Amino acid sequence: EGEKIRIKITSLGLTESRITSDETIQQLFVECRLNNFLAEETPLSLPKPTGGQRIHYNYSTVINVSKEDNHAGREYLKSILLKPDLPADSLKFTVVSDPPEDEQDLECEDIGFAYVSLKEIFQKQRDIIEQDIDVFDSQDASAVIGKLTVTVEALRALRSVHEECKND
């Protein structure tokens with residue numbers, strides 16, 4: 001069990017912002033990225049939620065970080081624990097606008113970002129379970145455009161990697 005990181009993207013709600021008023025933004029999906037070796041996205045893009053509503057993805061994925069199967073992932077987790085100044089110590093969630101079927105000439109557009117710090121999970125010794133995290137506007141990092149409800153169960157994997165670091 002200590003060899004896996006579980007990630008669940010439960011739901012997304014938007015606050016009033018340029019996103020809610022932008023007619024070209026209709027369908028949204030969420031990508032989850034860990035440094036440069038993992039990128040997963042919700043298989044569905046869902047209609048943009050309107051005032052006060054949430055859209056539910058209920059999407060889960062598991063990252064295997066065992067020594068045998070994912071050496072790079074494990075080394076990356078070690079670097080998070082060993083290098084306190086490593087900037088990329090977070091899971092990054094990107095909310096992406098998916099162009100409507102009839103406008104396929106439009107590109108997917110990143111509209112917001114949310115982060116979960118793996119280092120913080122280890123420091124607090126607590127996984128994140130069904131927690132709302134702020135989604136920041138891709139064009140203005142100080143503006144919160146919504147909340148993403150996520151679960152990130154990484155503590156066991158981080159402890160396992162930490163034990164290994166002590167033994168190396």
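Leaving aside neighbours within four places in sequence, Val-152 is in contact with Ile-5, Arg-6, Leu-91, Phe-93, Val-116, Leu-118, Ile-121, Asp-127 and Ile-128. Contact here means heavy atoms within 4.5 Å. Val-152 lies in strand 9. Its relative accessible area is 0%, so Val-152 is buried. Buried means under 20% relative accessible area, exposed means over 50%, and partly exposed covers the values in between (1.4 Å probe, protein chains only). Between Val-152 and Ile-9 the C-alpha distance is 8.9 Å, although 143 residues separate them in sequence.

The model is predicted: local features need pLDDT of at least 70, side-chain atom pairs count only at pLDDT 80 or more, and totals for chains, interfaces and linings use all residues. Residues are numbered from 1 along each chain as its sequence is written, and side-chain values use heavy atoms, with hydrogens and water left out. The predictor's confidence in each residue is given by pLDDT, on a scale from 0 to 100. Mean pLDDT for the chain is 89, with 95% of residues at 70 or more. Among the elements, strand 8 (residues 128-137) has the highest mean pLDDT, 97, and helix 2 (residues 71-82) the lowest, 84. Elements are DSSP runs numbered from the N terminus: helices are H or I with at least four residues, and strands are E with at least two.

Helix 2 contains 12 residues. From first C-alpha to last it reaches 16 Å, close to the 16 Å expected at 1.5 Å a residue. The expected span is 1.5 Å times one less than the number of residues. Buried positions in helix 2 are Gly-73, Arg-74, Tyr-76, Leu-77, Lys-78, Ser-79, Ile-80 and Leu-81. They pack against strand 1, strand 2 (27-34), strand 6 (90-98), helix 3 and helix 4.

Helix 4 (residues 155-167) has 13 residues, and its end C-alpha atoms are 18 Å apart. This agrees with the 18 Å that helix 4 should span at 1.5 Å a residue. Leu-155, Ala-157, Leu-158, Ser-160, Val-161, Glu-164 and Cys-165 of helix 4 are buried. Their cover includes strand 1, helix 2, helix 3 (118-124) and strand 9 (140-153).

The axes of helix 2 and helix 4 come within 9 Å and cross at roughly 75 degrees. Axes are lines fitted to C-alpha atoms, for helices over the stretch in contact, and angles run from 0 to 180 degrees between N-to-C directions. The two helices are therefore roughly perpendicular. That term covers 65 to 115 degrees; under 35 counts as roughly parallel, over 145 as roughly antiparallel, and the rest as oblique. At this crossing, Arg-74, Leu-77, Lys-78, Leu-81 and Leu-82 of helix 2 meet Leu-158, Ser-160, Val-161, His-162, Glu-164 and Cys-165 of helix 4.

Strand 1 (residues 4-14) and strand 5 run antiparallel and are joined by nine bridges. Pairing requires at least two DSSP bridges between two strands. Lys-4 has Asn-64 of strand 5 as its bridge partner. In a regular strand the side chains alternate between the two faces of the sheet. Strand 5 (residues 54-64) shows such alternation. On one face, Ile-55, Tyr-57, Tyr-59, Thr-61 and Ile-63 are buried. Arg-54, His-56, Asn-58, Ser-60, Val-62 and Asn-64 point to the other face and are not buried.

Asn-58, in strand 5, has a positive phi near 45 degrees, in a residue other than glycine. Its relative accessible area of 48% makes Asn-58 partly exposed. Glu-130, in strand 8, likewise has a positive phi near 45 degrees and is not glycine. Glu-130 is partly exposed, at 39% relative accessibility.
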